[in-house]
Amino acid sequence: MVCDDREVPTDLSAAAIAWYDGHARDLPWRHPGAGAWAVLVSEIMLQQTPVARVLPAYDAWLARWPDAESLAKDSAGEAVRMWGRLGYPRRALRLHACATAIVERYGGAVPRDVDALLDLPGVGEYTARAIAAFAYRQRQPVVDTNVRRLLARAVDGAGQPGLAATASDRELAESLLPADPESAARASVAFMELGALICTARSPGCLRCPLRGACRWHRAGCPEHTGPRRRPQRYAGTDRQVRGLLLAVIRESDRPVPMSRLDAVWPDRTQRLRALDGLVADGLAAPAGESEYGLPGT
């Protein structure tokens, strides 16, 4: 099997599935009765956020809004409030917009087709294919950072993948999937789980990895990565931190918040006002009377 002039081992998916069957985490969005809406919510929440932080937020969200219709009936501001401290709160707005679109276009049922999923607000290539594979058991290559790292090592012998995902990554993942859709969906989630738990970025557990016999990186002695590395994002003192502090005050109040309370959040007035303007521009906060701010639509 060849993909982009690379010889691809043919036994990776079978080994990954066998390992997954005995080691997969028991996560609620993987339960047989979870449904497509639950999978969609989990995928949006899991973007750049660890599973441990997502679990309580996910449970609370679905307890309040078990389907797209119930969320669409509520305000975008309540979605932001419910998002709490999960981080990257614009995802809450995207979920609300996505629920509204699902109700208006599809009668409240999450679509099955990848192109239709891609047309939903906030749903990109990865998320669309993840929903199609995990909710509807389709044969779709689901490629996140963990899968890219796993395949870079096993197939290319590289310590880390390239900085940006490419169509070649998706083609490689698809070439490894079994022909049967159900088995392919299981292989996709197995690759993700292996990347998350075993083939980690900093301390990979090669001796516990079911792919080590076929892994080119392991057979080469796990050489150090010499290519460009992604720089960690600074948080302390950034506008993102100030936005989070301001939004926390607004979100935790059931009434509009006077400017005097927001002034106490951060000492730098210029940065504080810039961050507040950014929240309003992004639809996460809204003016509510003279020198007061609240959540949109509440």
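**Exercise 1. A serine and a glutamine in loops**

Work out whether S291 is buried, partly exposed or exposed in this predicted model, then look at its backbone and do the same for Q48.

*Solution.*
Step 1: Start with the relative accessible area of S291, which is 47%. Buried means under 20% and exposed means over 50%, so S291 counts as partly exposed.
Step 2: Now find its place in the chain. S291 sits in the loop between β4 (286-287) and β5.
Step 3: Check the backbone. S291 isn't a glycine, yet its phi is positive, at about 60°.
Step 4: Turn to Q48, found in the loop between α2 (35-45) and α3 (51-64). Its phi is near 60°, again a positive value in a residue other than glycine.
Step 5: The relative accessible area of Q48 is 61%. With the cut-off for exposed at over 50%, Q48 is exposed.

**Exercise 2. The two sides of α15**

Find out how the buried residues of α15 are arranged around the helix axis, and what covers them.

*Solution.*
Step 1: Check the helix itself. α15 runs over residues 269-281, which makes 13 residues. From its first C-alpha to its last it reaches 18 Å, close to the 18 Å expected at 1.5 Å a residue.
Step 2: List the buried residues: Q271, R272, A275, L276, G278 and L279.
Step 3: Look down the axis of α15. The buried residues fall within an arc of 155°, so they line one face of the helix.
Step 4: Here's a handy rule to go with that. An α-helix has 3.6 residues a turn, so residues three or four places apart point the same way.
Step 5: Flip to the other side of α15, where R269, T270, D277 and A281 are exposed.
Step 6: Finally, the cover. What lies over the buried residues of α15 includes α13, α14 (259-263) and β5 (292-294).

**Exercise 3. A helix inside**

Decide whether α9 is largely enclosed by the rest of the structure or largely open.

*Solution.*
Step 1: Compare spans. α9 (residues 145-156) has 12 residues, which should cover 16 Å at 1.5 Å a residue; the end C-alpha atoms are 15 Å apart, and that agrees.
Step 2: Count the buried residues. It's 9 of the 12, so α9 is largely enclosed by the rest of the structure.
Step 3: Name them: V147, R148, R149, L150, L151, A152, R153, A154 and V155.

**Exercise 4. Empty space**

Describe the largest cavity and the second largest pocket, and say which helix gives the most to each lining.

*Solution.*
Step 1: Recall the idea. Rolling a probe the size of a water molecule over the atoms shows where empty space is left.
Step 2: Count the cavities. The structure holds 1 cavity of 30 Å³ or more, and the largest cavity has about 110 Å³ of space.
Step 3: Look at its walls. The largest cavity is lined by 14 residues, with C199, C206, C209, C215 and W217 nearest its centre. By class, that lining has 10 nonpolar, 2 polar and 2 charged residues.
Step 4: Pick out the helices. α9 and α12 (216-219) each supply at least two residues of the cavity lining, and α9 gives the largest share, 3 residues.
Step 5: Move to the second largest pocket, with about 580 Å³ of space. Its lining has 22 residues, and G87, Y88, P89, R240 and G244 lie nearest the centre.
Step 6: The elements giving two or more residues to that pocket lining are α6 (90-106) and α13 (239-251). α13 gives the most, with 6 residues.
Step 7: Sort the pocket lining by class: 8 nonpolar, 6 polar and 8 charged.

How values were computed. Residues numbered from 1 in each chain as written. Predicted model: local features only at pLDDT ≥ 70, side-chain atom pairs only at ≥ 80, totals over all residues. Heavy atoms only, no water. 1 Å grid on protein atoms, 1.4 Å probe; cavity = no way out; pocket = protein on both sides within 12 Å on 5 of 7 lines; lining within 4 Å. Points joined across faces, edges and corners; volume = space filled by probe spheres on them. Helix = DSSP H or I, 4+ residues; strand = E, 2+ residues; numbered from the N terminus. Nonpolar A, V, L, I, M, F, W, Y, C, P; charged D, E, K, R; others polar. Expected span 1.5 Å × (residues − 1). Buried < 20%, exposed > 50% of the residue type's maximum accessible area, 1.4 Å probe, protein only. Arc of directions from axis to C-beta. Contact = heavy atoms within 4.5 Å.
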